Amino acid sequence: MAVFEYKHPLISHKISILRNINTDTKLFRESLNEIASLMVYEATKDLKLKTINVETPIQKTETLVLDEPVTIVPILRAGLGMVDALLALIPNAKVGHLGVYRNEETFEPTYYYAKMPTNILESKVLIVDPMLATGGSIIYTIDYLKEMGVKNISVLSIIGAPEGIEAITKKHPDINLYIAAIDKGLNEHKYIYPGLGDAGDRIFGTK
């Protein structure tokens, strides 16, 4: 397993926008999508390619195209905020959905919905969730996908806590984690600090 933390100036700048309590919903969504767009390059660098023949305005030549299906699995609801950015770069990707929320008393993941595309077993699967806090929801999602028979799974999160990263690496040492920024830790309410607040509420303007 590899834990990849991005150290790019553009990502750092845009994360500062997300953290700011005064950032409005529109700018928050836009910045989140821009960060996800920058992250997807590294997360898809191992996609399989095949050679095809094309004709340029000058001559016939060989070139490379993708030869592996991709499925994006956002963890509802905050993960939806990252989907459009990935689809803009991988327009043929399928999108599965998994509904998991954290019980605010036990801090354990609670499942409520799942719908996956038919070709998910052949796909490279990208789980997307802006916040990796305790890791419970992401671990649940990985468990669910592996029970289906999915082999090739990576996780993309904007902000990660060391506690959640450690939990995932212990349970699923074969999974690659791509995280825009690793924060200091979790507070007594299991929220990431300094963090950026509730990503779902800030994406959808529900608070």
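# Exercises: contacts, cores and rings

**Exercise 1.** List the residues that Ile-159 touches, not counting residues up to four places away in sequence.

Solution.
- Ile-159 touches Ile-15, Arg-19, Pro-130, Met-131, Leu-132, Ile-179, Ala-181, Asp-183, Ile-192 and Leu-196.
- Contact here means heavy atoms within 4.5 Å.
- The model is predicted: local features need pLDDT of at least 70, side-chain atom pairs count only at pLDDT 80 or more, and totals for chains, interfaces and linings use all residues. Residues are numbered from 1 along each chain as its sequence is written, and side-chain values use heavy atoms, with hydrogens and water left out.

**Exercise 2.** Work out which elements build the largest nonpolar core.

Solution.
- Start with the term. A nonpolar core is a set of buried Ala, Val, Leu, Ile, Met, Phe, Trp, Tyr and Cys residues joined through side-chain atoms within 4.5 Å. Buried means under 20% relative accessible area; exposed means over 50%, and partly exposed lies in between (1.4 Å probe, protein chains only).
- The largest core has 37 residues. Touching the most other members are Ile-35, Met-39, Leu-86, Leu-156, Ile-158 and Ile-159.
- Two or more residues come from each of α1 (9–19), α2, β4 (70–76), α3 (83–89), β8 (124–128), β10 (152–160), β11 and α6 (199–204). These helices (H or I, at least four residues) and strands (E, at least two) are DSSP runs, numbered from the N terminus.
- α2 gives the most to this core, with 7 residues.
- A second, separate core has 21 residues, including Ile-75, Val-125, Ile-139 and Leu-145.
- As a background rule, nonpolar side chains tend to be buried together in soluble globular proteins.

**Exercise 3.** Place Ala-36 in the fold: buried or exposed?

Solution.
- Ala-36 sits in helix α2 (residues 25–43).
- Its relative accessibility is 0%, so Ala-36 is buried.
- Beyond residues up to four places away in sequence, Ala-36 touches Met-82, Ala-85, Leu-86 and Ile-158.
- Ala-36 and Val-128 are 92 residues apart along the chain, and their C-alpha atoms are separated by 9.1 Å.

**Exercise 4.** Do the same for Ala-180: which residues is it in contact with, leaving aside neighbours within four places in sequence?

Solution.
- Ala-180 belongs to strand β11.
- With a relative accessible area of 3%, Ala-180 is buried.
- Its contacts are Glu-5, Tyr-6, Ile-11, Ile-15, Ile-35, Met-39, Ser-157 and Ile-158.
- Now a C-alpha to C-alpha check. Ala-180 and Ile-192 are 12 residues apart in sequence and 14 Å apart in space.

**Exercise 5.** Describe the aromatic pairs of the structure.

Solution.
- Two values describe a pair of aromatic rings: the distance of the centres and the angle of the planes. Rings of Phe, Tyr and Trp (its six-membered ring) pair if their centres lie within 6.5 Å; planes under 30 degrees apart count as stacked, over 60 as edge-to-face and the rest as tilted.
- The structure holds 2 aromatic pairs.
- Phe-4 and Tyr-6 are edge-to-face, at 4.8 Å centre to centre with 80 degrees between the planes.
- Phe-4 and Tyr-178 have ring centres 6.1 Å apart and planes at 45 degrees, so that pair is tilted.
- Phe-4 lies in strand β1 (residues 3–5) and Tyr-178 in strand β11 (residues 176–182), so this pair ties together parts 174 residues apart in sequence.
- Ring pairs join Phe-4, Tyr-6 and Tyr-178 into a cluster.
- Check burial. Phe-4 is partly exposed at 31% relative accessibility. Tyr-6 is buried at 8%, and Tyr-178 is buried at 7%.

**Exercise 6.** Inspect the backbone at Arg-77, Pro-194 and Lys-190.

Solution.
- The bond from Leu-76 to Arg-77 is a cis peptide bond, with omega near 5 degrees. Arg-77 is in the loop between β4 and α3.
- Tyr-193 and Pro-194 are also joined by a cis peptide bond, with omega about 0 degrees. Pro-194 is in the loop between β13 (192–193) and α6.
- Lys-190 is a residue other than glycine with a positive phi, near 65 degrees. Lys-190 is in the loop between β12 (185–186) and β13. Lys-190 is partly exposed, at 32% relative accessibility.
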